[in-house]
Amino acid sequence: MSTSVENVVIVGTGCAGLTAAIYTGRANLNPLVLEGSLPGGQLTTTSEVENFPGFPEGVDGFMLMDNLRKQATKFGTRFEQAMVTSVDFESSPKKLVCGDRVILARSIIIATGASPRMTGIPGEKELYGGKGVTTCATCDGAFYRKMDVAVIGGGDSAAEEALFLTRFASKVYLVHRRDTLRASKIMADRATSHPKIVCVWDSAPVAVEGVEAGSVSGLRIKNLKTEAVSVLPVKGVFVAIGHQPNTGPFAPALDVDEGGYFKPLIGSQVQTKVPGVYVAGDCADHVYRQAITAAGMGCQAAIEAERWLAEHGG
Ligand code: NAP
């Protein structure tokens, strides 16, 4: 069990966490970053990032995260593999419990991200990340110019993804297991009336085809009313059935909304009700969910932590 008290512990190694590490590192706070099951976060599963400012030719997602990590290390960041299982934010210093280990910290930045929900159908996992199955139209839509794609889901995310994809794709199948979208009326109307979007009602995805070839060749679906099975000949499958913010171990101590996302104090994007504890990135943002917005929140959280430590003895 560790007894030393850290100035700042950052939980998470996505864009938000690593940007917070760069800023707190440069402020000589000697940050400790805890990395969980997906070091580098969601971007490491994307082959190419074309919308991160400063990379006119695009940048490989894994390379971008590796560079952020190197930049953080250069300024004194330390990394440890540890999954936070519970917290005690009423004690001083604050406690992060990681299994049988307790980490003590004056300030904490939580940047644990959100995990896209997946359907779990055969082929989805095998073809995820650069092989045709993706969860982000903003990130990957441009790779499907003049191709047919499918979006799975019936909520606002699915409608939004489908509409965004019409900029690139020839045809967008919107595959939903009911006969109406649950998306807001305005989004549903836009999606259902778009000439490039073909709604495939009452249909559940059964399998993503193309595993042997290493890239998506189709989406097998089953009509839930007739039980008929057919294959949509698509090159891309966009899974848009919602996200799960990774806030579980912290939720009892901090406010979360009905979707489980952290709810920062009114007037701030990153401050929580616990002084010295900040949130950043997708775990606190279900609206923008971009690498650059996560990085921006990581920067804000780091500056807030730095100021708080200066006032409270860092
Ligand atoms: P959501 O509203 O929970 O919708 C998820 C959709 O996926 C539902 O239609 C659901 O079907 C379907 N689904 C779930 N599991 C499935 C499975 N295994 N196979 C096939 N389909 C499955 O999630 P969301 O669309 O991500 O929205 C989350 C929240 O963010 C909502 O409050 C939404 O309004 C908000 N949001 C807003 C905007 C915007 O305003 N621009 C954009 C995105 C999200 P069922 O309908 O049968 O349950």
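Begin by selecting strand β12, residues 171-175, together with β13 in this predicted model; the two strands pair in the parallel sense, and four bridges join them. Within this pair, show the side chains of Leu174 and Cys199, since these are the residues to compare across the strands: Leu174 stands opposite Cys199, which belongs to β13.

Now widen the selection to the sheet to which these strands belong, an open sheet of five strands that runs in the order β10-β17-β11-β12-β13 with parallel pairing. Its edges are formed by β10, at residues 133-134, and by β13, at residues 197-200, each of which pairs on one side only. As a general point, the strands of a sheet are paired through backbone hydrogen bonds, in either a parallel or an antiparallel manner.

Next, select the ligand and display the 13 residues around it, of which Asp156, Ser157, Arg177, Arg178 and Arg182 come nearest. If you colour this shell by residue class, you will find two nonpolar, six polar and five charged residues. Helix α4, covering residues 156-165, is the element to highlight here, because it gives the most to the shell around the ligand, with three residues.

Which atoms of the ligand should be examined beside Asp156, Ser157 and Glu160? For Asp156, look at an oxygen atom of the ligand, which lies 2.6 Å from a polar side-chain atom of that residue. For Ser157, a polar side-chain atom is likewise to be found 2.5 Å from an oxygen atom of the ligand. For Glu160, turn to a nitrogen atom of the ligand, which is 2.8 Å from an N or O atom in the side chain. Taken on its own, the ligand has 910 Å² of accessible area, and the protein covers 68% of it. If you then switch to a pocket view, the ligand will be found in the second largest pocket.

Two backbone details remain for the end of the tour. Select Ser92 and Pro93, and inspect the peptide bond from the former to the latter, which is cis, with omega near 0°; Pro93 is placed in the loop between β6 (86-88) and β7 (94-98). Finally, move to Asn30, in the loop between α1 (15-26) and β2 (32-35), where phi is near 55°, a positive value in a residue other than glycine.

Technical notes. Residues are numbered from 1 along each chain as its sequence is written. This is a predicted model: local features need pLDDT of at least 70, side-chain atom pairs count only at pLDDT 80 or more; totals for chains, interfaces and linings use all residues. Side-chain values use heavy atoms; hydrogens and water are left out. A residue is near a molecule or strand if one of its heavy atoms lies within 4 Å of it. A polar contact is a pair of N or O atoms within 3.5 Å; within protein, one must be able to donate a hydrogen and the other to accept it, and residues adjacent in sequence count only if both atoms are side-chain atoms. Accessible areas come from the Shrake-Rupley method with a 1.4 Å probe; for residues, only the protein chains shown count as cover. On a 1 Å grid over the protein atoms alone, a cavity is a set of points where a 1.4 Å probe fits but cannot get out, and a pocket is an open set with protein on both sides within 12 Å along at least five of seven lines; lining residues have an atom within 4 Å of a point. A molecule sits in a cavity or pocket if more than half of its atoms lie within 2 Å of its grid points. Ala, Val, Leu, Ile, Met, Phe, Trp, Tyr, Cys and Pro count as nonpolar, Asp, Glu, Lys and Arg as charged, and the others, Gly among them, as polar. Two strands pair if DSSP finds at least two bridges between them.
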